[in-house]
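Biologist: Please take a close look at one part of this protein for me. I would like the details residue by residue.

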Amino acid sequence: MGPLTEPSILTEKLLLELRNSIRGQVYQKGESNFDEYTLMFNGNVEPNGQVVTCPLDAEDVSRIILFCRKHAFSPSVKAGGFGTAGWAVGGEVIVDLSRIGDVDVEPPNEESSYTSIRDMAPSNSKGKKPEIAPYDVNPGKRRREEDDKLRKYHAASGSVAAFLQEPSRSDSPPPNVRRRLNESTEGSHDNISNTNIEVVQSPTPDSNVEASDAQNARSAHADDNTDSSNAPVDADPFGYLEERHPSGYSGRSNLQSTSRTLYDSWGSGSRSAGSSLAITTAPAVLHSIPSQTQAIHSHAYVTFGAGMRQKEIDTFTANNPLRAQSISGGQDTVPYHVPFAAHPAGSSIMLLGGFGFLGRLYGLSIDNLVEVEMVLADGRIVIVNKDEHPDLWWALRGAGPAFGVATRYKAKAYPIPVVFAGNLIYRFHKATAASLIKHFRDCIKNAPRELYANVLLTAGPKGKDSLVVIQMCYVGSREKGQEYLAALASWDGEKSLLNEVHEKSFLHQQDSVAQVLRGKAGRQWFIRSALINSLPDDIIHQTVLKFDDTPVGCTWLFELAGGAISEFEDTCVPKSQRETLFTVAALHQWDMGINDPRCITTAEEWIAETLKPIQTGGPFPSFLGRHEAPSRTISAFGSNWDRLKELKKTYDPTNVFRNSLWPLDSEGNIVEASTHEPATPSAAGTSFEVLSKN
């Protein structure tokens, strides 16, 4: 078949043909369900589509792709709608994968392997999730309401939620700057508005009330356990990490498990009666952590449909822990988690990178993928893994959306009983912020791969000062985690506004970045990112000065990379990118109707100019944003780009999947972002012309 021509008009006859070809629903532009299903997290995107389809399985997707090829329509694929570039709704026929939503977790079989997707029941088949009932006339609205519920992040930390809402109680008056902390924020948080927040100094190794409270939580639980154990309460549940091989676990793992009651408060925003949100106390949910256990399996396998949002998968695996062995001889359970990026994100993160709290310990999301069910440009449905279609396996882990439609994934998950994690929050001062960032940089030199850490500068919200936030997540013992916390918190420049670091469930930790960013769907989003090999003093000072001029809603992030990320080589994400020291990102959000060029230019200038001397190639593909220069997309693949181009010719010679990060047309010519992405809605009030002037 030759190259795709100009798209056809979707006539009634063609619409009927499409509807009759698949089991899933089809909604034409103008219908309410079309509007609901094409909503994107980034409000700066105007859908191109004439129709949205909701396939139930890979067979449906295959028929949609064949329909598009037959009638010269351009398809695009929506798997959550979190991509800021808008490619998901850039096609004339939008393929919304939300109905492919099955999920399952399984331990390794006797051969330490897994059940192939081809041997599992297809999505929405008998015994799987039932189809939409005939009386459900507005499933798109229901999907949007589910999205809204998943985007509540106050359960990540009651202390942080209350802090972001309550007035500051600092001992010293706030500086005379543009954002003041003694004014109320917009919005509200469930069950926390009357909470009193105590501002305390950072803990030291000699005085940490959090530690004693967590200790008391264990003791209280142990008293209720009729099957008492002789294991010491302070036994290190993460001792297995000391014996870990670079490629994964070795042997059995001594772990402290969590029971399902640890997640009972998830999504409700509620907390136990009498529990305190004071900064120096651990959350009440930790009182349900049982005695020490031994994880039977070093890893498990999670299979999930492409319509599953990350938070749904994390919640499922948290609420469906696998069997573990108690040290005392009894039975227990422990939750397993896939190394995802922090919430919110859709399933396509499994094809584009995926760097999160577990990345330094286990690698990127793409590194933990073991199998994919994919529909190719010619309509074939294939299972892709290291043994089947190995060249495609190499390409799809990093550039997958340009090669096909992934409908189901199977990925490794690891036992994560609890993490020692949280936030240190400081007021942003132009005079002292550089000192704090340098302190952070020096503290995390030679950090173990079990430690994730970032420092971010966040501007706003309206009526409040900018903040500097240090986030850490240690996958290991509380005692060891406290050592790293003490080091990070030892900066003597000024007192922290909030010290909220303690043991918590990994599920709640996954929401922590979104909670601090206070990100909202429907706002305009602009993202730029880079990978850097060093962080010299002069770059830090320039960063602080430039950030001081950013508008409300801007966040700049330095995220410690390295660790296990550098050990994986058989993907199209090159070694040069994997060996960098930090991933850096500008995450800008602002309301619709506002046209402040600084929302765009400050991010672009910081990444492209200030950080240019220390950059290594482009960003991880998952950080490619709206209106990226084609050269930056190409640089994300470094020395692997030429091989990737050749494989694209093999698997998608007519560029069927052009509504993706792919910056070339079917002839191999560069396609500029302005013609490669959906338009900006007129209501946005934003012009990207400033990019062409730079």
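Modeller: Here is a close look at one glutamate, followed by a helix pair. This is a predicted model, where local features need pLDDT of at least 70, side-chain atom pairs count only at pLDDT 80 or more, and totals for chains, interfaces and linings use all residues. Residues are numbered from 1 along each chain as its sequence is written, and side-chain values use heavy atoms, with hydrogens and water left out.

Start with E559. It is found in strand β20, residues 554-560. Strands are DSSP runs of E, at least two residues, and helices are runs of H or I, at least four, numbered from the N terminus. E559 has a relative accessible area of 6%. That makes E559 buried (under 20% relative accessible area, 1.4 Å probe, protein chains only).

Now its surroundings. Beyond neighbours within four places in sequence, E559 is in contact (heavy atoms within 4.5 Å) with F355, Y452, A453, N454, L581, F582, T583 and F623. T583 lies 24 residues away in sequence, yet the C-alpha atoms of E559 and T583 are 5.2 Å apart. The side chains of E559 and Y452 make a polar contact at 2.6 Å. A polar contact is a pair of N or O atoms within 3.5 Å; within protein, one must be able to donate a hydrogen and the other to accept it, and residues adjacent in sequence count only if both atoms are side-chain atoms.

Next, the helices. Residues D391, L392, W394, A395 and A399 of α10 meet R643, L644, L647 and Y651 of α19.

Conventions. Buried < 20%, exposed > 50% of the residue type's maximum accessible area, 1.4 Å probe, protein only.
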